[in-house]
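Biologist: Could you take me through this one, question by question? I'd like some reasoning with each answer.

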Amino acid sequence: AAQAILREVPNPHMEMLFKGVGFRKFSFQFMFYPRNQDEAIMAYNIIKVFKLNSMPSLSPGGRFYEYPNEFKIRVFSSEGQENRYVHQFLPCACENVQVSYGEEGAFTTFERIPQLEGNAPTKITLQLEFTELSLLDRNKIMEGGY
């Protein structure tokens, strides 16, 4: 009540201490709307590449996991030139590949495609989550615009 009357509250004297830099994380979402069999197969193959390269493999004998592949993410302009005006990325690991099919509760497919041994969906959403493998610092920003 006294604080309300005086319109004052105690100063907690809080300060923020620098504890370090964390690994940056990025998420990308891609939607595929294949129009024919060739595009459906292409979407399937793109998704398979991300799934394969984001997972570890077993060492000979199967006792250990070998590291998954690293990703170097780059953004290109419509003319095919690397676009340095957008966010730059350090080498990354793909930590999550999520695939969903259909749109707003509706699941529709094409007629059977023999190469895929089934009926390809007419809409596919691919969600990718990446984490950079090294920490960003001021020097890297000066060198590469990260």
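Modeller: One term before we start: contact means heavy atoms within 4.5 Å. This is a predicted model, so local features need pLDDT of at least 70 and side-chain atom pairs count only at pLDDT 80 or more, while totals for chains, interfaces and linings use all residues. Residues are numbered from 1 along each chain as its sequence is written, and side-chain values use heavy atoms, with hydrogens and water left out.

Biologist: What pattern does the protein chain follow along the sequence?

Modeller: Helices (H or I, at least four residues) and strands (E, at least two) are DSSP runs, numbered from the N terminus. The protein chain has three helices and five strands. Read along the sequence, they give α-β-α-β-β-β-β-α.

Biologist: And what is the radius of gyration of the protein chain?

Modeller: That's taken over C-alpha atoms, and the globule rule is 2.2 Å times the number of residues to the power 0.38. The C-alpha box, along the principal axes, is roughly 75 × 45 × 45 Å. A compact globule of 146 residues would come out near 15 Å, but the protein chain has 24 Å.

Biologist: How much of the protein chain counts as buried?

Modeller: Buried means under 20% relative accessible area, exposed over 50%, and partly exposed in between (1.4 Å probe, protein chains only). Of the 146 residues, the share that counts as buried is 23%.

Biologist: Gln127 lies in strand E5; which side chain joins Gln127 in a polar contact?

Modeller: Gln127 counts as buried because its relative accessibility is 18%. Leaving out residues up to four places away in sequence, Gln127 touches Ser27, Phe28, Gln29, Asn96, Val97 and Gln98. A polar contact is a pair of N or O atoms within 3.5 Å; within protein, one must be able to donate a hydrogen and the other to accept it, and residues adjacent in sequence count only if both atoms are side-chain atoms. At 2.4 Å, the side-chain partner of Gln127 is Ser27.

Biologist: Which residue forms a salt bridge with Glu132?

Modeller: A salt bridge is a side-chain nitrogen of Lys or Arg within 4 Å of a carboxyl oxygen of Asp or Glu, and a search of the whole structure finds four. In this one, the closest N and O atoms are 2.7 Å apart. It links distant parts of the chain, 108 residues apart: Glu132 in strand E5 and, in the loop between H1 and E1, Arg24.

Biologist: Is Glu132 buried or exposed?

Modeller: Its salt-bridge partner Arg24 counts as buried, since its relative accessibility is 19%. Glu132 has a relative accessible area of 1%, so it is buried.

Biologist: Which residue pairs with Glu39 in a salt bridge?

Modeller: Glu39 counts as partly exposed, because its relative accessibility is 23%. Its partner is exposed, with a relative accessible area of 68%. With the closest N and O atoms 2.5 Å apart, that partner is Arg35.

Biologist: What area does the nonpolar surface patch made by Phe18, Val21, Phe23 and Leu135 have?

Modeller: Patches are made of residues with over 30% relative accessible area and no salt bridge, joining like charges within 9 Å and nonpolar side chains (Val, Leu, Ile, Met, Phe, Trp, Tyr) within 5 Å. Accessible areas come from the Shrake-Rupley method with a 1.4 Å probe; for residues, only the protein chains shown count as cover. One member, Val21, is partly exposed, with a relative accessible area of 46%. The patch covers about 430 Å².
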